[in-house]
Amino acid sequence: MEWNEGDESGNIEDRRGLGPVAVGGLGLGGVVLAVIGYFVFGVSPSTTLSVLNGEGPAPALQQQPGVRGAPTDREGRFVDVVATSVDEVWSQIFRQNGQTYRPPAGEVLYDRSTVTGCGLGQSAMGPFYCPEDHKVYLDLAFWQELDQRFGASGEAARAYVIAHEMGHHVQSLLGQDREARSLGDRGSGSGSVRLELQADCYAGVWAAHVSDATGGKVSLDPKDIEDGLRAAAAVGDDTLQRETTGQVVPDSFTHGTSAQRTRWFRTGVTTGDPDACDTFSAAKL
């Protein structure tokens, strides 16, 4: 994957080495439970916290301020360049459709845990997008897990992850996340699964347009596309369930099967058309 000459917007908030501080209320355990409920099960953090806290106020957490701007280390620069290229692709697409694209409020780099607009984020949840504060959260230790646990190595696999999470921001701008909530949180045909598969397709749309949008400064070759497909397959619900429990339970799916994730990513790559990513109207996922 070529990216070293890519533009950097500096829309990065670097919190690495700076953890949150609890200053009252439930403490970190309750907040972790709440935010895991949100990202894994689709339950609002406020709902979980109200149960744990007797409808009282949410616990006060204080986040040590991060550094805003362009990182100087290679890993941080990679995130900045890829995220900037995603913004460039979607800016062009929105403009062609008479719309205005607004970038995320930032891509936050952190270690282990950090305060988000959706509660306390933890690295165990993997990369995620918080619709409440419009930020993408990345603990870069996930790159090692992507390589060693999931067998999806290479910078293109990492770029797929970033483009997928920023795809959720596109969905937020278009109101597609609200449509998903009306269709349920779990199950093979749920709104959650349709939302995730659409974000996979949006990542493919980025891959299809990134070279043109960046003037060739960021580009992918066919092997890079295969690395992205391998990353999509590695995080399918069926693959993860089989690995962790030895059985597959479609009624508990939240992201889609490996085959579905690779198919929708490939759809985005081959068509380059966001309209082809309409998983909500698709009769077959």
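Student: Where is the place of Ser258, and is Ser258 buried or exposed?

Tutor: Ser258 lies in helix H10; helices (H or I, at least four residues) and strands (E, at least two) are DSSP runs numbered from the N terminus. This is a predicted model, in which local features need pLDDT of at least 70 and side-chain atom pairs count only at pLDDT 80 or more, while totals for chains, interfaces and linings use all residues. Residues are numbered from 1 along each chain as its sequence is written, and side-chain values use heavy atoms, with hydrogens and water left out. Buried means under 20% relative accessible area, exposed over 50%, and partly exposed in between (1.4 Å probe, protein chains only). Ser258 has a relative accessible area of 10%, so it is buried.

Student: Which residues does Ser258 touch?

Tutor: A contact means heavy atoms within 4.5 Å. Leaving aside residues up to four places away in sequence, Ser258 touches Ala233, Gly236, Asp238 and Thr239.

Student: How should one read the largest nonpolar core?

Tutor: In soluble globular proteins, nonpolar side chains tend to be buried together. A nonpolar core is a set of buried Ala, Val, Leu, Ile, Met, Phe, Trp, Tyr and Cys residues joined through side-chain atoms within 4.5 Å. Here the largest has 56 residues, and Met1, Trp90, Trp143, Ile162 and Trp206 have the most contacts inside it. Elements giving two or more residues to this core include helix H3 (74-96), helix H7 (191-213) and helix H10 (258-271). A second, separate core of seven residues includes Val108, Met125, Phe128 and Cys130.

Student: What can be said of the span and burial of H7?

Tutor: The expected span of a helix is 1.5 Å times one less than its number of residues. For the 23 residues of H7 this gives 33 Å, and the end C-alpha atoms are 31 Å apart, which agrees. H7 has a kink of about 30°, centred on Ala207; the bend at a residue is the angle between axes fitted to the seven residues ending there and the seven starting there. Because 19 of its 23 residues are buried, H7 is largely enclosed by the rest of the structure.

Student: Which way do the residues of strand S6 point?

Tutor: In a regular strand the side chains alternate between the two faces of the sheet. In S6 (residues 113-116), Ser113 and Val115 point one way and Thr114 and Thr116 the other, and all are buried. Strands S6 and S7 (residues 119-122) run antiparallel, joined by four bridges; two strands pair if DSSP finds at least two bridges between them. Val115 stands opposite Leu120 in S7.
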